[in-house]
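Work through the exercises below. Each task is followed by its solution.

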Amino acid sequence: MEYFIETYDLTKKFTLQKGFTDFLMHPFRKDEITAVEKVNIKIGKGELFGILGPNGAGKTTLIKLLCTLILPTEGTAYVNGYNIAENSGKVRESTGFITADERSFYWRLTGRQNLKFFASLHNFYSHDAQKRVDELLNIVGLKNRADDRFLSYSAGMKQRMAIARGLLNDPEVVFMDEPTKGLDPGAAQNLREFIKERIVKEQGKTVFLSTHHLGEAEQLCDRIAIIDEGEIRVIGSPEELKSELDKPNSTLDDVFIHYTGKEFKEEVAPKHPYSERRRMMREGRRGMMRGGRIGGIRF
Ligand SMILES: Nc1ncnc2c1ncn2[C@@H]1O[C@H](COP(=O)(O)OP(=O)(O)OP(=O)(O)O)[C@@H](O)[C@H]1O
Ligand SMILES: [Mg+2]
């Protein structure tokens, strides 16, 4: 089988910054944290692979290593046949990295202008950039809103823009760090279907995604790896993992508890900051009409 991602004892340790007192008390002590420890995985072409784990488990660090954003401390990995440390340029040409960080777009520019700008960073000629941007806007279903400003997009649309940007260089492998983070259940479900149907089935991409959600991992992924404290505890298809447990009708929750000894806590999507702010303003206004107190001042 052709593997698109292969890792061999991939390890990343971070040295923690010392405070002044700490430095004086223990000048020679090195405080290290092992974010990813001896990870060995093999992922085939066209596979939708998920990495599932609690906060701080090492998911983002593993993705950053594979996208060559950080270097490993020990071990190595190959993406599309290229070594992540020795051939990082080729790895970057074959990969797209998608995060839930919408701050990396220009909010006052339109969706189309944003994509054109990022295409220019990939050294596209103007005409080719235009064609690729149109193609991608079509794929992510934002053609009708392409000339609206980015700031007017909903969270789900912003996430689709992030996916379009990640696909600009037509990568073989797409890395997604918590793609449905912060989306409401409906938008998250739409995005999951979009990833599975359009990115994997239609476009034939290999997808490596991280998630906090057991349901998402179960619904989307061909295989999942459970990671905890930097170590991969188990790898398999959701069905395999559940059937291997000595428990009738076991769930992925049971699998997680079995391999990590921990309860899995699903993260609740945070309220959107702007709708939250609007709600506070609305309530503030109502409070004003009723008479109330802001910062100790009665009105
Ligand atoms: N630049 C850094 N310097 C020091 N420690 C770091 C750095 N980046 C990550 N870590 C540590 O590495 C560990 C793994 O972090 P990572 O961000 O990979 O976890 P994660 O599984 O993505 O968590 P989350 O679900 O919260 O996003 C954590 O303990 C984190 O504090
Ligand atoms: Mg993370």
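**Exercise 1.** Classify Glu229 in this predicted model as buried, partly exposed or exposed, then describe its backbone.

Solution.
- Count neighbours: Glu229 has 15 other C-beta atoms within 10 Å.
- Apply the cut-offs: 20 or more means buried, and 12 or fewer means exposed.
- Glu229 is therefore partly exposed.
- Locate the residue: Glu229 sits in the loop between β10 (223-228) and β11 (231-236).
- Check phi: the value for Glu229 is positive, about 50 degrees, although the residue is not a glycine.
- For context, most residues other than glycine have a negative phi.

**Exercise 2.** Repeat the analysis for Asp9: which element holds it, and how exposed is it?

Solution.
- Asp9 belongs to strand β1 (residues 3-15).
- Its phi is near 45 degrees, positive in a residue other than glycine.
- Asp9 has 13 C-beta neighbours inside 10 Å, so it counts as partly exposed.

**Exercise 3.** Describe how helices α4 and α5 pack: what are the axis distance, the crossing angle and the contact residues?

Solution.
- Take the helices: α4 covers residues 111-121 and α5 covers residues 126-139.
- Their axes come within 9 Å and cross at roughly 130 degrees.
- An angle between 115 and 145 degrees falls in the oblique class, so α4 and α5 are oblique to each other.
- Assign the hand: α4 passes α5 in a right-handed crossing.
- List the contacts: α4 contributes Arg112, Leu115, Lys116, Ala119 and Ser120. From α5 come Ala129, Arg132, Val133, Leu136 and Leu137.
- Sort the residues of this contact: six are nonpolar, one is polar and three are charged.

Terms used
Residues numbered from 1 in each chain as written. Chains lettered and ligands numbered in written order. Predicted model: local features only at pLDDT ≥ 70, side-chain atom pairs only at ≥ 80, totals over all residues. Axes fitted to C-alpha atoms, helices over the stretch in contact; angles between N-to-C directions. Helix = DSSP H or I, 4+ residues; strand = E, 2+ residues; numbered from the N terminus. Parallel < 35°, antiparallel > 145°, perpendicular 65-115°, else oblique. Left-handed = near helix turned anticlockwise from the far one by under 90°. Contact = placed C-beta atoms within 7 Å. Nonpolar A, V, L, I, M, F, W, Y, C, P; charged D, E, K, R; others polar.
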